[in-house]
Amino acid sequence: MVQPLQSVVIVGGGTAGWLTAGIIAARHHSRMKAGFSVTLIESPDIKIIGVGEGTWPTLRSSLEKMGIPETQFFRETDAAFKQGARFARWTTGAEDDAYYHPLMLPQGFTQINLVPHWLQDEHGRSFCDSVCPQGRLCDDGLAPKTITTPEYKAVANYAYHLDAAKFAPFLQRHCTAKLGVRHVLADVQTVNQHESGDIRSLTTKQAGDIAGDLFIDCTGFAALLLGKTLGVGFKDCSDILFCDTALAVQVPYETPDAPMQSQTISTAQSAGWIWDIGLPQRRGIGHVYSSRHMSEAQAHESLMNYIGPTHQDLRVRKIPIRPGYRETFWKNNCVAVGLAAGFLEPLESSAIVLVELSAKLISEQMPANREVMDIVAARFNEVTHYRWGRIIDFLKLHYVLTQRTDSAFWRENLDPQSIPDRLKHLLHLWKYQSPWFFDEFDRLEEVFPAASYQYVLYGMGFRTQVGPMDNVDSEPLASRLMQENITMTRQMCVQLPKNRDLIRKIHEHGMQPI
Amino acid sequence: MTNIVPLNSLIHRSLRVYGAASARYGDNQRFVQVVVAEFPQLVLHYPILLSKDADTGVFFCGAVLGFERDENLFLKEGEGHEGYRPLDLQRMPFYSAGSDLAIDLDHPRVGAESGQALFTESGQPTNYLAGIMHAFRDIKPGLEMTKVFIATLLQHKLIEPVDISVSFDDGSTHNLADLYTINQSVLRDLPDQTVLDLFRRGYLRLIYLMIASLKQVQELAKKKNARMLRGSESLSARVG
C-alpha cells in the first residue's frame, strides 16, 4: 500500500514561504478535508530580508487564485501599480539616454513581428512608442486602469510595486484565515532524516517535532534544508553578473500627494545601477553595485547624489548579493523556493515571479506519493534550471548591449568570457533575424518572453538586418497596427487617471470585483 | 456651477421653481439613478440596470430612458413625462442636507417665470413642495437600501456585465455600454438557504423585477424607431 503524500511543511515565513503556502493551499484546498495539510514554520526571531519590491503581472493571477480581493491587497500592503521599467543611461550613459521595457506586448504580437518594420522606418519614434502605448502612459504618470475597471483587470497590462515587509504578513493573515494553512512560530533546531536522506521531521524549540511528507525550504540565504542538511552545492554566477552588494533606503515624498511613477526607474552608474520604486507612502531606492569595482563609500556617495540633498540622514541598509543558484532545487523530499534556491540582482524583478512559478509547478505537479516524487523532482529541476539560465541570459543582455566604456565595470561586462554561450549565439542570430514567437522561446511559461528581448534589444540600439523585400507581404498589416497604436495611445492618455489619484480612489472607494 | 443652500421658508418664501418635466431643465437624461422602492413602477416602462459611478467605480441602479447622450425618449416637450417619472428627476433642483431640504439656487429651474411657488403666504409648504418632501422620504433611505441590495448582489456574484445592442429600422445599431444586470445562471445555482434569505429580505422580488425589466429594451427601441420615423417624415415633408 503506497502512502499518499498528505503533509507539506514549509520552513520560512518570508514572501517566498507565504506565497508558496498560499498557492499550494488554494490549489489543494478541497483535499484538506481528506487529510491534506500545509504547515508553515516560521522563526519568531528571524527578520524578513524583504528585497522584492518589483513583481511581474503573473502576481495578479496568483493573488486572484488565492481568493484575495485586489482592493484589500492595495489597502493592506501599501501596494502600487507597476507598468514596466525605464532604463536610464544604460546605453551611452548620456543624460537623455533612456528606454522602456513595458509590460504590454507589442501590437498584434501573436500575428506579426513588428521589429523589421520598425527597423525599416522608425518614423522618429522609439521601438516601444511605435508598438505600444505604455511608455507614454508612464511618462505622463498615468495609471494602467480606471476606478471602474474590475479588480485584476487591466486597461494597460500591469504588475505591482510592493512593500515586502507588509506583503508577507498580509499573505500570512489570508493563508491562515482563509486557506487553512497551519502557522507554527518556532525555531528549527534539528532536521531528522531517514536513512535514504529523506527528511522525516523537524525538531523545533517551541513546538516539538513536526513531521512531513514534502518539505519546502524557504529559509532564505541560509538554505537550511536543501543546502545545510542535504548538502546541495551553490552555482556561483558572479563571473557573469558582477553586482554583489546593494545599499537600500526608503525615501519619503516631499508632499503626500506628490506624483508617483508606475515604472521602476533603473539608472546605470559607473559600477552598477540604482533602482527607484514608487510606493504610495515612500520611494524605495537602492544602489546595486560590484564591490570589485567600487568601494562602499563611493557607492554610498552615488546613492546620496541620486536622492538629493534633502534626505541625507536616511538609514541605509546593506544587502549582500551572491549571484547564483542551487545545483539542484529538489532533492529527496525537499525543494527550495525563493532565496534558498538562488538570488540575482533585482534588475528585472525576477525574484518573486520565480517564487510564483516554482510554487505553481510544485502545486500543479504535487506528487501523489513518495514513489513518484523523484520523477516530478527531475522535471522540476530541469525546468527550474532552464529558467535560471534564461534569467541570467536576460539580465546579462542589459550589460552586453552597452556602449559605455567609461569604467572597468562596463568594459569588463563585454568580455566574451563573461557572456554565456547561449546568449552569444542568440546575439549572433539576432543580427540577422529578430526574436519573436516561433523562436526558441518555446517553454510554456517563459519568465521573459520574446517581447521582453525585443524591448531591451531595440531599446538599447541593437540592429537586426532587414532585407529589401523582407517586409513587403506584411507591410499593410504592420502599418495598420502602428497606426492603431498611435490612436490607442492618444485615447489612453485621455482616459486614464493619474497613478497617484487612482491609488487614492482605491483606498477610498475600492475596486469592484466585476 | 451649483450653489446649494438649505431651504428656508423665510428667505425663500417667494421663490418659484419650475417642477414639471422638461428637457430644457434637465430631464434629458438617458440613464437615471433609481432606488429599489421605485422598481415596481419602473419595470412598467424602463430597463432597470446597474452601472458604475465614473468617479468612484461604485455600482448604482439606474433606469434606461434613451440610447444617446441627453436622450429621454419619454419626454414630450410641453406634455411632460410619459409614464412614471423617476424620483431623481422629480426632485430637481432639490437636495437633502441632513434632515433638511436644500436647493441649488443656480439651477435653471429656480426663478423660472412659469415656476410654482414653494410656500404659501403664511409660510406653509405648497402642494408642490410637499410632494418634493415626500419624494425625499423615499430617496434618502432608498439610496441606503439600494446600496445594501447591491452589496448583497455582489456578495453572491449575481452581477454580470451586459452588452445591449439594438438595431433600428434605418439600419443603424446602438450599443449601450458599461451596463450590468443580474447573472441568471448564478441565480439558478444559488444554494437553497441563500434563496430563502434573499426572499425573506425582499431581494428576490427586486431581482426578478430587474430581470423582467430587460423586456423594456425592445419597447425602448420601438419608441426610438417611431421617433426616427417621425423625424424623417417631417424632414421629407419639409423638403416636399
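**Entry 1. Strand 12 of chain B**

I began with B:Asp178, which I located in strand 12 of chain B. The model I am reading is predicted. I looked up the backbone of B:Asp178 and noted a phi near 60 degrees, a positive value in a residue other than glycine. As a general point, most residues other than glycine have a negative phi. Is B:Asp178 buried or exposed, or does it count as partly exposed? I recorded B:Asp178 as partly exposed, because it has 14 C-beta neighbours inside 10 Å and the buried class begins at 20.

I then followed the pairing of strand 12. Strand 12 of chain B covers residues 173–182 and pairs with strand 11 of chain B in the antiparallel sense, over eight bridges. As one position in this region, I noted that B:Glu160 stands opposite B:Thr181 of strand 12.

**Entry 2. The sheet of chain B**

I next asked in what order the strands of this open sheet of chain B are arranged. I read the order as 3-5-4-12-11, five strands with antiparallel pairing. Which strands of chain B stand at the edges? I found strand 3 (31–33) and strand 11 (159–167) there; each has a single partner strand, so one side of each is left without a neighbour in the sheet. I also entered the twist of the sheet, which averages 50 degrees from one strand to the next.

**Entry 3. Helices across the strands of chain B**

I checked which strands helix 3 of chain B lies across. Helix 3 of chain B, residues 127–155, lies across strand 4 (48–52), strand 5 (59–64) and strand 11, and I noted an angle of about 105 degrees to strand 5. Helix 6 of chain B, residues 203–213, lies across strand 4 and strand 12. I noted that helix 6 of chain B runs at about 165 degrees to strand 12 of chain B.

**Entry 4. A cis peptide bond in chain B**

I looked up the bond from B:Met92 to B:Pro93 and found it cis, with omega near 5 degrees. In general, most peptide bonds are trans. I placed B:Pro93 in the loop between helix 2 (87–90) and strand 8 (94–97) of chain B.

**Entry 5. Backbone details in chain A**

I turned to A:Asp78, which is not a glycine and yet has a positive phi of about 60 degrees. Where is A:Asp78 found? I located A:Asp78 in the loop between helix 3 (70–77) and strand 3 (80–82) of chain A. I recorded A:Asp78 as buried, because it has 20 C-beta neighbours inside 10 Å.

I also examined a hairpin of chain A. Strand 8 (188–193) and strand 9 (199–204) of chain A pair in the antiparallel sense over five bridges, and A:Thr190 stands opposite A:Thr203 of strand 9. The hairpin has five residues between the strands, and I noted that A:Gly197 takes a positive phi near 100 degrees there.

**Entry 6. Domains and contacts**

I noted the division of chain A into domain 1 (7–53 + 163–238 + 323–382), domain 2 (105–158 + 391–495) and domain 3 (245–320). The C-alpha centres of domain 1 and domain 2 of chain A lie 34 Å apart. Each of these two domains gives eight residues to their contact. On the side of domain 1 of chain A, I listed five nonpolar, one polar and two charged residues.

Last, I looked up the contact between the chains, to which chain A gives eight residues and chain B ten residues. I listed the chain A side as four nonpolar, three polar and one charged.

Conventions
Residues numbered from 1 in each chain as written. Chains lettered and ligands numbered in written order. Predicted model: local features only at pLDDT ≥ 70, side-chain atom pairs only at ≥ 80, totals over all residues. Contact = placed C-beta atoms within 7 Å. Nonpolar A, V, L, I, M, F, W, Y, C, P; charged D, E, K, R; others polar. Pairing = 2+ DSSP bridges. Helix = DSSP H or I, 4+ residues; strand = E, 2+ residues; numbered from the N terminus. Axes fitted to C-alpha atoms, helices over the stretch in contact; angles between N-to-C directions. Domains from an automatic or database assignment. Buried ≥ 20, exposed ≤ 12 C-beta atoms within 10 Å, placed from the backbone.
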